[in-house]
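Got your viewer open and a hand on the mouse? Let's walk through this one stop at a time, selecting as we go.

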Amino acid sequence: ANVMLILFTVVSASHLKKRLRSVDPYVRVIARGNPVLKSSPVRNTLNPKWTDAKFELYTPTLEGFSVEVEIKDHSFGGRTLGSCVVDLHTLHTKYNGECSVKLREGGTILCTTSIKDAADAKPPTPEPTSPVSRAYSIRSTQTMDTLAQLSAELGRLEEQVGKLTPDERDAGAQLFGTIEKFLLNNIDAVETGDLTSGQPEARAERKALVVRAEALLDKILEMRD
């Protein structure tokens, strides 16, 4: 079957929520049936403009096709600076392919979209249907198992942070680095955009882990002050 090739671009972000330290924002895009895509970071700004946040997305139809956009901080373990869902059908038809979208956490992004001819293009290979389980495919089950393991490991890190005292600055700094790497290299590395079953649950669980990890980082920073 023919597919559509959509060029989705995040041009810039404005008025990202101020943090306790400088941020290096990058864009992370999640869309059904597509791999997770990322841009390069822009250093030390709350009003970034990206030159490479241009993403090719495949879909059988534009109607009902949306993307989850996350603005992440490269210098702070991939913590989320802002997020939103962009309906590409509405963006293309109602706003002529360009509009500003509010982020849940505050601030806005400017994004554009255009349709390219992809009649002969091959979209990413869809996730195979598992004969083992009606509820989740094999890929989705593996992803949920990974998230459960990460949750358990994060629980152990929460226990360590809970035992910290303000006087233990060296231990706090070391633990901060451990959690920062865990967020960037483990939690943020879990891909859910190409799941065909269990995707909402996996996204929600990964988001919950991000929130927990970011809360630990904030707690350690508060102890330093």
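Contact here means heavy atoms within 4.5 Å. Keep in mind as you click around that this is a predicted model.

**Stop 1: Leu147**

With that cut-off in hand, select Leu147, which lies in helix 2. Is Leu147 buried or exposed? Leu147 is buried, with a relative accessible area of 0%. Now bring up its surroundings: leaving aside neighbours within four places in sequence, Leu147 is in contact with Val190, Ala202, Glu205, Arg206 and Leu209. Pick Val190 from that list and look at the C-alpha atoms: those of Leu147 and Val190 are separated by 7.9 Å, although the two residues are 43 apart along the chain.

**Stop 2: helix 3**

Next, select residues 169-187, and you have helix 3. Its 19 residues reach 25 Å from the first C-alpha to the last, close to the 27 Å expected at 1.5 Å a residue. Colour the buried ones: Gly172, Leu175, Phe176, Ile179, Glu180, Phe182, Leu183 and Ile187. Turn the view until you look down the axis of helix 3; the buried residues fall within an arc of 160 degrees, so they line one face of the helix. What do those buried residues pack against? Their partners are strand 6 (79-87), helix 2 (138-162) and helix 4 (199-224). Swing around to the face of helix 3 turned away from the buried side, and you'll meet the exposed residues Asp170, Gln174, Lys181 and Asn185.

**Stop 3: a four-stranded sheet**

Hide the helices for a moment and find the open sheet made of four strands in the order 3-2-5-6, with antiparallel pairing. Its edges are strand 3 (37-38) and strand 6, each pairing on one side only. For the inner pair, select residues 25-31 (strand 2) and 66-73 (strand 5), which run antiparallel to one another over seven bridges. One place to zoom in is Tyr26, standing opposite Lys72 in strand 5. Then bring helix 4 back: helix 4 lies across strand 2, strand 5 and strand 6, and runs at about 150 degrees to strand 6.

**Stop 4: strands 1, 7 and 8**

Now show strand 1 and strand 8, an antiparallel pair joined over nine bridges. Ser14 stands opposite Thr108 in strand 8. Add strand 7, which pairs with strand 8 in the antiparallel sense over five bridges. Strand 7 and strand 8 form a hairpin with five residues between them, and Gly106 in the turn has a positive phi of about 110 degrees.

Stay on strand 7 and switch on its side chains. Which ones are buried? Cys99 and Val101 point to one face and are buried, while Glu98, Ser100 and Lys102 point to the other face and are not. Both of the buried residues have a facing residue to look for: Val101 stands opposite Ile109 in strand 8, and the bridge partner of Cys99 is Cys111.

**Stop 5: the nonpolar cores**

Time to look inside. How many residues does the largest nonpolar core have? It has 28, and those with the most contacts inside it are Phe8, Val69, Val86 and Leu88. Several elements supply at least two residues each, including strand 4 (54-59), helix 1 (88-93) and strand 8 (108-116). Strand 1 gives the most, with four residues. Apart from this core lies another, of 22 residues; select Val161, Leu175, Leu183 and Leu216 to see some of its members. Two of those, Leu175 and Leu183, are also among the buried residues of helix 3 that you coloured earlier.

**Stop 6: two asparagines in loops**

Finish with some backbone angles. Most residues other than glycine have a negative phi. Select Asn44, in the loop between strand 3 and strand 4: its phi is positive, about 50 degrees, although Asn44 is not a glycine. Asn44 counts as exposed, at 53% relative accessibility.

Then jump to Asn96, in the loop between helix 1 and strand 7. Phi of Asn96 is near 55 degrees, again a positive value in a residue other than glycine. Asn96 is exposed too, with a relative accessible area of 72%.

Terms used. Residues numbered from 1 in each chain as written. Predicted model: local features only at pLDDT ≥ 70, side-chain atom pairs only at ≥ 80, totals over all residues. Heavy atoms only, no water. Expected span 1.5 Å × (residues − 1). Buried < 20%, exposed > 50% of the residue type's maximum accessible area, 1.4 Å probe, protein only. Arc of directions from axis to C-beta. Pairing = 2+ DSSP bridges. Axes fitted to C-alpha atoms, helices over the stretch in contact; angles between N-to-C directions. Core = buried A, V, L, I, M, F, W, Y, C linked by side-chain atoms within 4.5 Å.
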